[in-house]
Amino acid sequence: MPAAPLISVRDLSKHFRTFKRREGVWGAIRNLVKRDYQSVHAVDRVTFDIQPGEMVGYIGPNGAGKSTTIKMLTGILVPTAGELLSNGFVPWKQRRQYVKSIGVVFGQRTQLWWDIAVVESFKLLRKIYDVSQHDYDARMELFNHVLKLKDYLDTPVRKLSLGERMRCDLAAALLHNPPILFLDEPTIGLDVVAKDHIRQFLKEINQRYRTTVLLTTHDLDDIEELCKRIMIIDHGRLLYDGPLALLKQKLLRTKQVKFVVKDSEQAARLPALENDGLKIEPVDHLTYRIVFDRTKISVADLLRQILAEVEVRDLLIEDEPIEEIVKRIYAGEALKEVTA
Amino acid sequence: MKKHLQLLAAYAVQFIKVRFAYRADFLISTGASVLATVFAFGFLLVLFQKVPQLAGWKFEEVLFLYGFSLIPFGLFNVVSLNLYNFGNDFIIEGKFDRVLLRPVASLHQVIFEVFRIESLHEVVVGLLAVWLASSRLRLAWGPLEFLLLAFFALCGGIIYVSIFLMLTCVSFWVEDRVGVHPPVWNLIAFGRYPLSIYSGFVQFLLSWIIPFGFATFYPSVRLLGRAEFRLYAWLVPVVAAAFFTLALALWNRGVRNYASTGS
């Protein structure tokens, strides 16, 4: 690993002061006069480093502190406490120089001008970021190629579909070829095809320019496709920071075997396999599923047992879906094993 | 600076393109504003049918003042749209995040994002009224007067922008969709008549608290060559610079507050 991380975050915290809103008309009037403030620790002593060229997935339930972290990393918000150095800048202090070296996409809202054609937005951004005509042309060609922007370059942004808009937003964020790209839920609301386009594009950019990417998402497929490293935040605290593979390896409790038996005669013999640790669930005609705890029984043993009893036509062994692991983490279980 | 001017031009071209794309909307709104401006002059005519003078000012002089006041006002109107919408569009709807993500001064991005170009008609009508009044008063216009007119108009525009920018800054601290501009907006009309007709309190208010007088009245006094308040014209650029500096400082504090609260 290189000595100097590109982004370095130490004990970063952000506290907000909010007041409790009372309900109803009378409550609204009382709100005008007296407010009960409370302090919310949106981000609480978060520490991490990100190396150049890494793609890191940042996940957590709604309100966990993901967006607040991104806003501090992009210089929009000033932290309450802690240190943050990104690409050699303290983002909120040197905001205008710093933002030249980052690209930002907020999935929920566009960075483009609503009423003007996409290509005109790009031209304005070219001026804003001082991109030379030569670089602009070269990058637009790549974006056109991977993101297929050509068809709607002349359409005003407000007339684009969500998927088209997201592609344009991505291109806009990368027009000045920033070394760092922050994505806040880039695939939210997109269909499978559009999601795939976005992921392919991010891979391409990461490989070609070594762009460092930090992305928040609720779609864990994004992470599985793109990120080797994952950070999990909840209630403002960082719960896990490490390889996705390690998380899986340590926290994968169950696996499942799905198999298709030869015929119904064979299927009738299945109950003989069952015991207290082993439940067989029917999935489909002649298809069955066994979910098992891999700490109690090994895959090899289980397979031996199944194959000894019945004739199997097809068989598939799967990990527990990553969603299930993350659900357990959010629920507060299971993390001690990893963070220790 | 050069980059900012280039950007300003690029923004303006873009915006005008969009504006012309909605042709009917543009024509109707331009037509309506021209009518409103013309009616205002009708009111002046009616007024002077009844009274020969206003605090020692002849009809032509008031016409001059009224016409001149439209020039900085028109310039201000061209760029003011986002000042009124700022609280709602930028703070509550969250567009301000986008502004902070771009390597250009935030105020530049907000003010020069939309242009109400139809307001340029106020500049044109104002110039016509000034020209008409000047020729009837037989005022001598040399190069200095033309320069002064342009300079005063620019200062006046800056004074208007500064006053309303300060009101806009309130949105950084208070969540407010409507904005606090309307009451002050209603005071603009007071600056179109000789300040001498008002009580001392109103004169003070319009000179030192909400200095519309320095955008309209004092420059006109100088250009008309009247004796009263003659030296005040020297203060026009001072007031413009002071209020703009104040507004900018308030804006920057607001941005800092936004960055710490994220509201």
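A residue counts as exposed when its relative accessible area is over 50%, and as buried when that value is under 20%. With that in hand, here is a friendly walk through this predicted model, starting with a lysine on the surface.

**Salt bridges**

Lys296(A) has a relative accessible area of 73%, so this lysine is exposed. Its partner in a salt bridge is Asp293(A), with 3.9 Å between the closest N and O atoms. Counted over all chains, the model holds 25 salt bridges.

One of these bridges deserves a closer look: which residue of chain B does Glu120(A) pair with? The partner is Lys17(B), and the closest N and O atoms are 3.0 Å apart. Because Glu120(A) sits in helix H4 (residues 118–128) of chain A and Lys17(B) in helix H1 (residues 2–21) of chain B, this pair joins two chains. Is Glu120(A) buried or exposed? Glu120(A) is buried, at a relative accessible area of 16%, whereas Lys17(B) is partly exposed at 43%.

Another bridge stays within a single helix. Arg208(A) and Glu204(A) meet through their side chains, 3.0 Å from N to O. Both belong to helix H7 (residues 192–209) of chain A, where they are 4 residues apart, about one turn of the helix. Glu204(A) is partly exposed, with 28% relative accessibility.

The three pairs can be set out as follows.

| Pair | Closest N to O distance |
|---|---|
| Glu120(A) and Lys17(B) | 3.0 Å |
| Arg208(A) and Glu204(A) | 3.0 Å |
| Lys296(A) and Asp293(A) | 3.9 Å |

Salt bridges also link up into a network, formed by Lys195(A), Arg199(A), Asp219(A) and Asp222(A).

**Chain A as a whole**

Chain A contains 13 helices and 13 strands, and its C-alpha trace spans about 70 × 55 × 55 Å along the principal axes. Of its 340 residues, 51% are buried. The chain exposes about 16900 Å², and carbon and sulfur atoms supply 50% of that area. Taking contacts between residues at least 6 apart in sequence, 72% join residues at least 24 apart.

How confident is the predictor about this chain? The mean pLDDT of chain A is 87, with 96% of the residues scoring at least 70. Among the elements of the chain, strand E4 (residues 81–86) has the highest mean, 96, and helix H13 (residues 336–339) has the lowest, 52. Where pLDDT is low, the predicted coordinates should not be read in detail.

**Two helices of chain A**

Helix H2 (residues 66–73) of chain A is largely enclosed by the rest of the structure, because 7 of its 8 residues are buried. The buried residues are Lys66(A), Thr68(A), Thr69(A), Ile70(A), Lys71(A), Met72(A) and Leu73(A). Just after this helix, Gly75(A) adopts a positive phi of about 90°.

Helix H11 (residues 299–309) of chain A has Leu302(A), Leu303(A) and Ile306(A) as buried residues. Why do these three lie on the same side of H11(A)? Their directions cover an arc of only 95° around the axis, which puts them on one side. The buried residues of H11(A) pack against three strands of chain A: E10 (254–261), E12 (287–293) and E13 (312–319). On the face turned away from the buried side, H11(A) carries the exposed residues Arg304(A) and Ala308(A).

**Two spots on chain B**

A nonpolar patch lies on the surface of chain B, made of Phe204(B), Trp208(B), Ile209(B), Leu235(B) and Val238(B), with about 460 Å² of accessible area together. H10 and helix H13 (235–261) of chain B are the elements that give two or more residues to this patch. Which of them gives the largest share? That is H10(B), with 3 residues. Leu235(B), for its part, lies in helix H13 of chain B and is partly exposed at 32% relative accessibility.

Arg192(B) is in the loop between helix H9 (181–185) and helix H10 (200–209) of chain B. With a relative accessible area of 14%, this arginine is buried. Leaving aside residues up to four places away in sequence, Arg192(B) touches Leu65(B), Tyr66(B), Ser69(B), Leu70(B) and Phe73(B). Its C-alpha atom is 11 Å from that of Leu206(B), which is 14 residues away along the chain.

Definitions and conventions
Residues numbered from 1 in each chain as written. Chains lettered and ligands numbered in written order. Predicted model: local features only at pLDDT ≥ 70, side-chain atom pairs only at ≥ 80, totals over all residues. Heavy atoms only, no water. Buried < 20%, exposed > 50% of the residue type's maximum accessible area, 1.4 Å probe, protein only. Contact = heavy atoms within 4.5 Å. Arc of directions from axis to C-beta. Patch = residues over 30% accessible without salt bridge, like charges linked within 9 Å, V, L, I, M, F, W, Y side chains within 5 Å. Areas by Shrake-Rupley, 256 points an atom, 1.4 Å probe, with all protein chains shown as cover. Salt bridge = Lys/Arg side-chain N within 4 Å of Asp/Glu carboxyl O. pLDDT = per-residue confidence, 0-100.
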